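Biologist: I have this model open on my screen and would like to look closely at a single part of it. Could you walk me through the helix that the predictor is most sure of in the second chain, and then through what surrounds it?

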Amino acid sequence: MTETTPTTSLPLPLRVGRQRRWQVLPIIEIVVLAIAVLLPFVLKDYLTIYATRVLILCLFALSFDLVWGYAGIMSFGQAVFFGTAGYGVALIARDLGVTSILLVLPAGLLIGFAFALLLGGFLLLGRHPSSVIFVSLGTLTGSYAADRVARGWYYLGGQNGIPSIPPMSLGSYDITEGPVYYYLTLGILLAVYLLCRFLVRSQFGLALAGLRENEQRIAFFGYQVQRLKAIIFSFAGAVAGLAGSLYAFHEGFVWPNMLGVVISTQVVLYVLFGGSGTLIGAVIGTVAIEAVSFWLSNSYQDIWPIILGVLLLLVILFRPAGLISLILSERERVGNFGRLPEEGDRGSS
Amino acid sequence: MALLEARGLIKIFGKLTALNGADLTVAENEFHGLIGPNGSGKSTLMKCVAGAEIPTSGTVTFGGRDISQASPAERARAGMSLKFQITSVLPALTLYDNILLALQAQCSLPSLVFSRTRGVLHDRAMAMLEQFRLVDRAAEPASALSHGQQQWLEIAMALAPEPKLLLLDEPTGGMSLEERRVTGELLQPIKKKCSLVIVEHDLDFIRDICDRLTVLDQGSVLDCGSVAHIQSSARVQEVYLRRA
């Protein structure tokens, strides 16, 4: 019965003040950033190009982590926004001759945002909250349909996609693959990461946590859950669009697979493998899968997909919270959203 | 004028008529108890009032406004707050964040994104935790609390936005006798602040805190009145004796 003993009149010290301890997450983030900054100095040129591609995929993975890891929306069609933005900027470069980074990247971002708003509006803005299954299948269908449209539309290059996209430019300088593109991508990834981190640790992030934990409950507090979902879904679509446009210019061509189910599933695996709802887990998962794939495909050319598949299954079975859970506690993963109460900080009632 | 008026509520689930023309009137600052045998429609009536269920027919008026078809979020924004029968605190979040989540529900999107109300709401969050004797565990996850304490946390969350009407569905379910006594103590001070509708099986508990009672039986109102009136009602006693 000690739990019910009134405590209001007792000058008990607050345990909360003493519970502060080292935060692991910022340390992981700084280490990952330091490695990323130094990487081009130790990598051969062709590996720097590969690493750039991985960084772009990290950006794409952040978009999925936002919707699934923070808001509990299972988007199995995140590639729609990645691919449509890729196609969009490829068409702008091919047909309009516009390659300025100051125009094409914002255009890719807007295309991703607009398509996510459209699909999200249809899937999420009903009178009643949509089920996880409905949203998963709806986004998956969107991805499949976009892939089929691209394959069948001559203007988009059909099965072959759009080749030979001119390089992105800044003034008269062409930004081609290599260290410059790598650091440009790293800078954008860092900026988007910090923006996402700010967002998910804000009071808006607390609302997202409520959405993920118990959507029905927070509706009874007065939250407009469908609107919240549509907002984060569209924001994540913009991030995916930014990644898609960087990818298109880096690779120099776009093709229907960029919109399809395979890459949509791939991004789910990146996030689940690294650990959802941490942002850095999405980055680590992407790097880990891509690095292991690269190494396995060189070392075991015939059976590497099987080895990779087994490895993914093992991690998802035995570490359902992903690789990040090996070093990050559940408490720190969820985090705090308000001002942590200090010792002696009590309410006025 | 009554704060809440539900008139002729009918709710049919398939072949089951859960409510059959039930009425409920709650005045401002009134503590109103809903009692009745199992399956009498108490929780369904509560859900129809809160917006968790839309009645097949009938009207619900709150503060003079017809909210019969309003969503739960719209009802919450009008000043209604619900504590579910099954405890539904957010277990992964700290107690503090659970309260903050309830407090910030009606803040604008920009103020949430830029965390503008974090400082303003801090004192209110701490005051709620203090009031419900949970302040020294503010930074612990809600999953670490006992069942009774989770119930208190949920009542605190429901009360945090300062509603005009608080709906409590079996707030003492699964509590020990001592926890029930403390829950009664915790609820008394809110009488000055809002009205209360409470569904409860513990008749001693409900008798101690309520001003008026509505007795339901088979989806209809059997009787309604003061606690003394209900205690002396032959019809009510007959129903309870029949079920006993």
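Modeller: Happy to; here is a tour that begins with confidence, moves to the helix you asked about, and then turns to the sheet and two residues of the other chain.

Please keep in mind that this is a predicted model. Its scores are ipTM 0.90 and pTM 0.89. For chain B the mean pLDDT is 90, with 98% of the residues at 70 or more. Within that chain, confidence is highest in helix α3 (residues 95-103) of chain B, at a mean of 95, and lowest in helix α10 (residues 234-243) of chain B, at 74. Where pLDDT is low, the predicted coordinates should not be read in detail.

A word on the chain that holds your helix. Chain B has ten helices and ten strands. Its radius of gyration is 18 Å, close to the 18 Å that the globule rule gives for 244 residues, so chain B is as compact as a globular protein of that length. Along the principal axes, the C-alpha atoms of chain B fill a box of roughly 55 × 40 × 35 Å. Of the 244 residues in chain B, 50% are buried. Among the contacts in chain B with a separation of 6 or more, 66% join residues 24 or more positions apart.

Now to α3(B) itself. This helix is mostly covered, with nine of its nine residues buried. They run from L95(B), Y96(B), D97(B), N98(B) and I99(B) to L100(B), L101(B), A102(B) and L103(B). What do the buried residues of α3(B) pack against? Their partners come from both chains: α8 (203-219) of chain A, together with α5 (118-131) and α6 (147-159) of chain B.

I99(B) is a good residue to click on. Leaving aside residues up to four places away in sequence, I99(B) touches A125(B), M128(B), L129(B), A156(B), M157(B) and A160(B). The largest nonpolar core has 181 residues, and I99(B) and L129(B) are the ones that touch the most other members. Helix α9 (residues 225-251) of chain A gives this core its largest share, 17 residues. As background, nonpolar side chains tend to be buried together in soluble globular proteins.

Let us move on to a sheet in chain B. Four strands make an open, antiparallel sheet in the order β2-β1-β4-β5 (chain B). Its edges are β2 (16-26) and β5 (65-66) of chain B, each of which pairs on one side only.

Start with strand β1 (residues 4-13) of chain B, which pairs with β2(B) in the antiparallel sense over eight bridges. You can follow that pairing through I12(B), whose bridge partner in β2(B) is T17(B), and through E5(B), which stands opposite T25(B). β1(B) and β2(B) form a hairpin with two residues between them, and G14(B) in the turn has a positive phi of about 60°.

β1(B) also pairs with strand β4 (residues 57-62) of chain B, again antiparallel, over five bridges. Here I10(B) has S57(B) as its bridge partner, and R7(B) has T59(B).

From β4(B), two bridges lead on to β5(B), and these strands run antiparallel. F62(B) stands opposite R65(B) in β5(B). The hairpin of β4(B) and β5(B) has two residues between the strands, and in it G63(B) takes a positive phi near 60°.

Finally, here are two residues to visit in chain A. C196(A) sits in helix α7 (residues 179-200) of chain A. It counts as buried because 21 C-beta neighbours lie inside 10 Å. Not counting residues up to four places away in sequence, C196(A) touches L62(A), L66(A) and L279(A). S297(A) is 101 residues from C196(A) along the chain, and their C-alpha atoms are separated by 33 Å.

V287(A) lies in helix α11 (residues 280-299) of chain A. V287(A) counts as buried because it has 21 C-beta neighbours inside 10 Å. Its contacts, not counting residues up to four places away in sequence, are V54(A) and C58(A). V287(A) and V32(A) are 255 residues apart in sequence, yet their C-alpha atoms are 10 Å apart in space.

Key
Residues are numbered from 1 along each chain as its sequence is written. Chains are lettered from A and ligands numbered from 1 in the order in which they are written. This is a predicted model: local features need pLDDT of at least 70, side-chain atom pairs count only at pLDDT 80 or more; totals for chains, interfaces and linings use all residues. The radius of gyration is taken over C-alpha atoms; the globule rule is 2.2 Å times the number of residues to the power 0.38. A residue is buried if 20 or more other C-beta atoms lie within 10 Å of its own, exposed if 12 or fewer, and partly exposed in between; C-beta atoms are placed from the backbone. Two residues are in contact if their C-beta atoms, placed from the backbone, lie within 7 Å. A nonpolar core is a set of buried Ala, Val, Leu, Ile, Met, Phe, Trp, Tyr and Cys residues joined through C-beta atoms within 7 Å. Two strands pair if DSSP finds at least two bridges between them. pLDDT is the predictor's confidence in each residue, from 0 to 100.
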